[in-house]
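Reader: I'd like a close look at one part of this model. Could you walk me through chain B?

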Amino acid sequence: MVTTFVFVLTAAVMLVAALVAVLKNNLVHAAMGLVVTLFGTAVLFVLLEAYFLAVAQVVIYVGAIAILIVFSIMLTRRVGADWGQQTNATWPFALLVAGLLTVLLGLMVRGWAAVTAQPASQAVPADMTARLGAALVDPNGYVVPFEVASVLLLAALIGAVYVAWGGRKAEKDAQG
Amino acid sequence: MIPLSWYLIVAALLFGIGVYGVLARKNAVAILIGLELMFNAVLVNVLAFWRYLQPTGTAGLVFAVIIFAVAAAEVAVGLALFIAVYRRFGSSDVDDINLLKW
């Protein structure tokens, strides 16, 4: 009963915040909407008993990605510039496509017997986080995707620094 | 327990809102915000399926961890690109980035 209440409340807050994130002309407000949505996702993860991922969600998404987004909004703006209209000329088509996609996804979920049938509820093992850690470095488990992901992160790190730095000329321009 | 379909419907709505953000927004960072909403919808779906269909296995959690890493890499590279683009064009609106013409 409490779980249902928390779920409905979280889902409502999340969806309103997501609408703020895509509709607000002021992009700093939009980023705040995104932060609230990300927190809502963390709450849903707790309801799903994925505790490690709920914490990771807060640390990685709310702590790092949201801050990066706020930074880049503020770095790519002139001081005091008007926000103006933030949608492009084809936004009605975007609304049509997004609405159609959502309706079709909803119909799919509704018509799918496996989803509405209540599966025999199994409990999550208490040592799930330890199992996840072991599976990530297990040669018979997921060590290859894990290592590929770490190489991807390293490549992204170096690439991001290289692209954003822009060489000595940009550095001189920035100093005036 | 909350039915699985509730999670899926919330995720579908979140994904739809994200799609609208990606398609309708003019500013590149706002497009990235839409992308993050879509990533989160997928994460909710992955973990809901893990919890309801295979809670004793680790496959769903590992998928979610890899999605986290890919999302972080995508945001880092994307924002670096936007800063480089802003330096070159003086704007981060995708309408203004028109090097390719036809």
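Author: Quick bit of vocabulary to start: the radius of gyration is taken over C-alpha atoms, and the globule rule is 2.2 Å times the number of residues to the power 0.38. Chain B comes out at 17 Å, while a compact globule of its 102 residues would sit near 13 Å. Its C-alpha trace spans about 50 × 25 × 20 Å along the principal axes.

A word on ground rules: this is a predicted model, where local features need pLDDT of at least 70, side-chain atom pairs count only at pLDDT 80 or more, and totals for chains, interfaces and linings use all residues. Residues are numbered from 1 along each chain as its sequence is written, chains are lettered from A and ligands numbered from 1 in the order written, and side-chain values use heavy atoms, with hydrogens and water left out.

Chain B has three helices and zero strands, so called from DSSP runs (helices H or I, at least four residues; strands E, at least two) numbered from the N terminus. As for packing, 61% of the 102 residues of chain B are buried (under 20% relative accessible area, 1.4 Å probe, protein chains only). Of the chain B contacts (heavy atoms within 4.5 Å) with a separation of 6 or more, 59% join residues 24 or more positions apart.

Now the core, meaning buried Ala, Val, Leu, Ile, Met, Phe, Trp, Tyr and Cys residues joined through side-chain atoms within 4.5 Å. The largest nonpolar one has 70 residues, and those with the most contacts inside it include B:Tyr7, B:Leu47 and B:Leu61. Among the elements giving two or more residues to this core are α1 (4–24), α2 (28–53) and α3 (59–89) of chain B, and α2(B) gives the most, with 15 residues.

Note on methods: Buried means under 20% relative accessible area, exposed over 50%, partly exposed in between (1.4 Å probe, protein chains only).
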